[in-house]
Amino acid sequence: MKISCSSRAKDPGDPIQIHLNLHIERAKRFAPFNFKYEDIDCVYGQVEEYIPLYGGRPAYFPEIMKHDLPFLYDNGIGVKLTLQNKTPTEEAYKKSKSALKEYNRKGNAVIVNSDKLAEWIKNDFSNYNIEASCIQDITDNEKFEKKAALGLYDTIVLPIHCNDDMKFIESIKRKDLVRLFMNIECSYNCPSKTCYGTTSKINLELKRKFVCSLIHLGQERSFYNDDIKWDEFYFDLKKYEAIGINKFKLVTPTEQQQRTALMYKRNHNQLARSVVWD
C-alpha cells in the first residue's frame, strides 16, 4: 500500500508528524485498515514558496514548511506539489521554476491537470514522479488508455465516484498506474466542479472570487445520503487491493456536502460568506 496524504488544514506552525498522526489515528478508529509512516509515499499540499501553477484550492497560505522536510525525507516520504492549474501559461511556468528546482529530487512528485505542464516538467525536472489529477476527469477505459499512452504519467488519479464503478476499475489494464481515494471530499457528489476553474484563475491572480457550484450557483448534488457520517467514512480498500491496486489518496476528513440538502439551504448565507474572498 502506498498512500498520498493531504496536508490540507495543517497549521503552518505545527510539525507535519502531528498532522500525519491525526490521519493514522482517525483511520485506525473508523476505517477497515491501518497504516504507518512507511506506507505513505507523499504528502501533498502547498509549500512555503508561492507557485502560480497551484490548483485545486486557493493558495493563501502554505502547509508544508521547510521545518517539515527533514522528518518527511528521513521517513522516506516525498513532497507532492499540487499544480493542477487548469490554464497554465509559459509565464506562470517560468515563475514556478525556482520552486520546482528546489523540490526536484527522487521521491517527490507533482500532480497536474495539464498534459502540457506535465511535459514541461518531465523535460526540465526529471526527478519528479508525475501524477494526473482527478480534475482530468478520467472516468472510462478509453480516456484512461489514451492518458496512459502519452507516457507522461507515473500515476493517474481517478475521480472519487469512480470508486463505485468496479466494472470500470476491473477493466483497467495498467492498474499499476491507478490511484484511488481512500475517503471523500465535496467533489464526490459535485455535478460540475466549478471551483477548479475559478481556483486556477485566483492562483494566477486573474480573479479574486471563489465560486462553488452548490453554495453560489445552487446546483443540486448528484446524491445525498444521511445514513453515513461522511467525516468517518472510508472505502473498503481490500476489494481494490484484491484486483491489483495499491496506490491510494487520503484527504483530510470533514463533514462534506453528501448530507441533507435542507441543511445547506438553511445555512446558505453563512456558508457563502465563509467561502468568498474579495
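This is a dialogue between a student and a tutor about how terms are applied to one predicted model.

Student: Before we turn to single residues, what makes up the chain, and how many helices and strands does the chain have?

Tutor: The model is predicted, and in it the chain has 10 helices and eight strands. Of its 278 residues, 52% are buried, and among contacts between residues at least 6 apart in sequence, 70% join residues at least 24 apart.

Student: How are the eight strands arranged, and in what sense do they pair?

Tutor: They form a closed barrel in the order 1-2-3-4-5-6-7-8, with parallel pairing. Neighbouring strands of this sheet are turned against each other by 25° on average, with direction ignored.

Student: How do you know that strand 7 and strand 8 count as a pair?

Tutor: Two strands pair if at least two bridges are found between them. Strand 7 and strand 8, which run parallel, are joined by three bridges, so by the cut-off of at least two they count as a pair. Within this pairing, Arg179 stands opposite Lys247 of strand 8.

Student: What of strand 6 and strand 7, and how many bridges do they pair over?

Tutor: Strand 6, residues 155-157, pairs with strand 7 in the parallel sense over two bridges, and because the definition asks for at least two, that number satisfies it. Here Val157 has Arg179 of strand 7 as its bridge partner.

Student: Which strand does strand 1 join by four bridges?

Tutor: Strand 1, residues 2-6, is joined to strand 8 by four bridges, and the two run parallel. One of the residues involved is Lys2, whose bridge partner in strand 8 is Lys247.

Student: Which residues of strand 7 and strand 8 lie on either side, and are they buried or exposed?

Tutor: In strand 7, Val178 and Leu180 are on one side and Arg179 and Phe181 on the other, and all of them are buried, with both faces of the strand covered. In strand 8, residues 247-250, Lys247 and Lys249 point one way while Phe248 and Leu250 point the other way, and all are buried as well.

Student: Why is Glu131 called buried?

Tutor: Its relative accessibility is 3%, and buried means under 20%, so Glu131 counts as buried. Glu131 is found in strand 5, and, leaving out residues up to four places away in sequence, Glu131 touches Lys80, Val110, Ile111, Val112, Tyr153, Thr155, Val157 and Arg179.

Student: What makes Met182 buried, although its place is in a loop?

Tutor: The term rests on accessible area: Met182 has 0% relative accessibility, which is under 20%, and therefore Met182 counts as buried. The loop in question runs between strand 7 (178-181) and helix 7 (194-203). Beyond its neighbours within four places in sequence, Met182 is in contact with several residues, including Ile3, Phe33, Tyr234 and Phe248. Phe235 is another of these contacts; the C-alpha atoms of Met182 and Phe235 are separated by 5.5 Å, although the two residues are 53 residues apart along the chain.

Student: Why is Ala9 called exposed, whereas Asp137 is called partly exposed?

Tutor: Ala9 has 66% relative accessibility, which is over 50%, so Ala9 counts as exposed. Asp137 has a relative accessible area of 32%, which falls between 20% and 50%, and therefore Asp137 is partly exposed. Ala9 is in the loop between strand 1 and helix 1 (16-30), and Asp137 is in the loop between strand 5 and helix 5 (141-149). Each has a positive phi without being a glycine, near 75° for Ala9 and about 60° for Asp137.

Student: Why is helix 3 said to be oblique to helix 4?

Tutor: Helix 3 (residues 90-102) and helix 4 (residues 115-124) pack at an angle of about 40°, with their axes 12 Å apart. Angles under 35 degrees count as roughly parallel and those of 65 to 115 as roughly perpendicular; about 40° falls in neither range, so helix 3 is oblique to helix 4. The crossing is right-handed.

Student: Which residues make the contact between these helices, and how are they divided by class?

Tutor: Glu90, Tyr93, Lys97 and Leu100 of helix 3 meet Leu117, Trp120, Ile121 and Asp124 of helix 4. By class, the contact has five nonpolar, no polar and three charged residues.

Technical notes:
Residues numbered from 1 in each chain as written. Predicted model: local features only at pLDDT ≥ 70, side-chain atom pairs only at ≥ 80, totals over all residues. Heavy atoms only, no water. Axes fitted to C-alpha atoms, helices over the stretch in contact; angles between N-to-C directions. Parallel < 35°, antiparallel > 145°, perpendicular 65-115°, else oblique. Left-handed = near helix turned anticlockwise from the far one by under 90°. Contact = heavy atoms within 4.5 Å. Nonpolar A, V, L, I, M, F, W, Y, C, P; charged D, E, K, R; others polar. Buried < 20%, exposed > 50% of the residue type's maximum accessible area, 1.4 Å probe, protein only.
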